[in-house]
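Visitor: Could you take me through the nonpolar core of this one, close up? I'd like to know what it is built from and how it sits in the chain as a whole.

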Amino acid sequence: MSGKGARENVFPTRMNLTVTKTRLKGAQTGHSLLKKKSDALNKRFRTILGKIDDAKRKMGRVMQLAAFSLAEVTYATGDISYMIQESVAQASFRVQAKQENVSGTILPAFEAVRTPQGDPQAGGAAAFGLTGLGRGGQQITRCRETFAKAVETLVELASLQTAFVILDEVIKMTNRRVNALEHVVIPRLENTISYINSELDEMDREEFFRLKKIQSKKKRDNAAREKEDAAKRAADEEAKYGSGAAAGGGDEEGGGDLLNERDEDVIF
């Protein structure tokens, strides 16, 4: 007898049964943990997906305002890109990277850090405060703030998009593992356990039948031995008592009547 379905090629022993049960318990525990991990990652994935949608909508509005602001500055002051590049020595924006752990998955997160407004080396307000002073200085400041918000939105969107891609790959891999455990590994181990149990039961039945046969044969052998011993004892007794009886009968035949006999030599 054997279990139905795919199973592992093992010898049906109680040791292998214990090992297979331990492996089945580990597979079930791993399946439960991976299922919980997949649920947590899917929840975070949906949250990030909603944030990406909001960030992209926000990005469209911010870039539209930035484009209009740049057009106003160009119309009011002309091309001021060379003056801004010459007045700025350091970047006014820096991106810091950090990590976030979500159910064992490391997600990178980016954060935009702005330098103080008054730092002229980092492109603050004092760096080009006189740029376009006579012709649309307010438009330049407003355009600068609009593009600063656009850069912050870009950094936020880049962080969300990176986490989205990583989570998508991890969720696919986790789901493959969950499906493999649920539909391949656990059924195979269960079929193996069923096969080993059926084989052990069959071996127990064969052993029980063999013991019954041995016991029946012993009973028959003992009965035959007892019968043979009884016959031998009866034969010995018959032989012993039969020879004694034959010897006694011969004495009676050769003796005669002692009262009727007369001894001529004896005179009364």
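Guide: Let's start from the outside: the chain exposes about 19,300 Å², and carbon and sulfur atoms supply 55% of that. This is a predicted model, by the way. On the inside, buried residues make up 23% of the 268 residues in the chain.

Now the layout. You've got three helices and two strands, and reading along the sequence gives α-α-β-β-α.

On to the part you asked about. The largest nonpolar core has 13 residues, and the ones touching the most other members are L41, I48, I52, L107, L160 and L167. Helices α1 and α3 (137-255) each supply at least two residues of this core, with α3 giving the largest share, six residues. As a general point, nonpolar side chains in soluble globular proteins tend to be buried together.

Zoom in on I48. Skip its neighbours within four places in sequence, and I48 is in contact with L160, A163, F164 and L167. There's also a second, separate core, this one of twelve residues, with L34, I186, L189 and L200 among them.

Contacts between residues distant in sequence are a theme across the chain: of the contacts with a separation of 6 or more, 79% come from residues 24 or more positions apart.

How far does the predictor back all this? The chain averages a pLDDT of 80, and 78% of the residues score at least 70. Confidence is highest in helix α1 (residues 14-77), at a mean of 88, and lowest in helix α2 (residues 81-87), at 69. So α1, one of the helices feeding the core you asked about, is where the confidence peaks.

Notes
Residues numbered from 1 in each chain as written. Heavy atoms only, no water. pLDDT = per-residue confidence, 0-100. Helix = DSSP H or I, 4+ residues; strand = E, 2+ residues; numbered from the N terminus. Core = buried A, V, L, I, M, F, W, Y, C linked by side-chain atoms within 4.5 Å. Buried < 20%, exposed > 50% of the residue type's maximum accessible area, 1.4 Å probe, protein only. Contact = heavy atoms within 4.5 Å. Areas by Shrake-Rupley, 256 points an atom, 1.4 Å probe, with all protein chains shown as cover.
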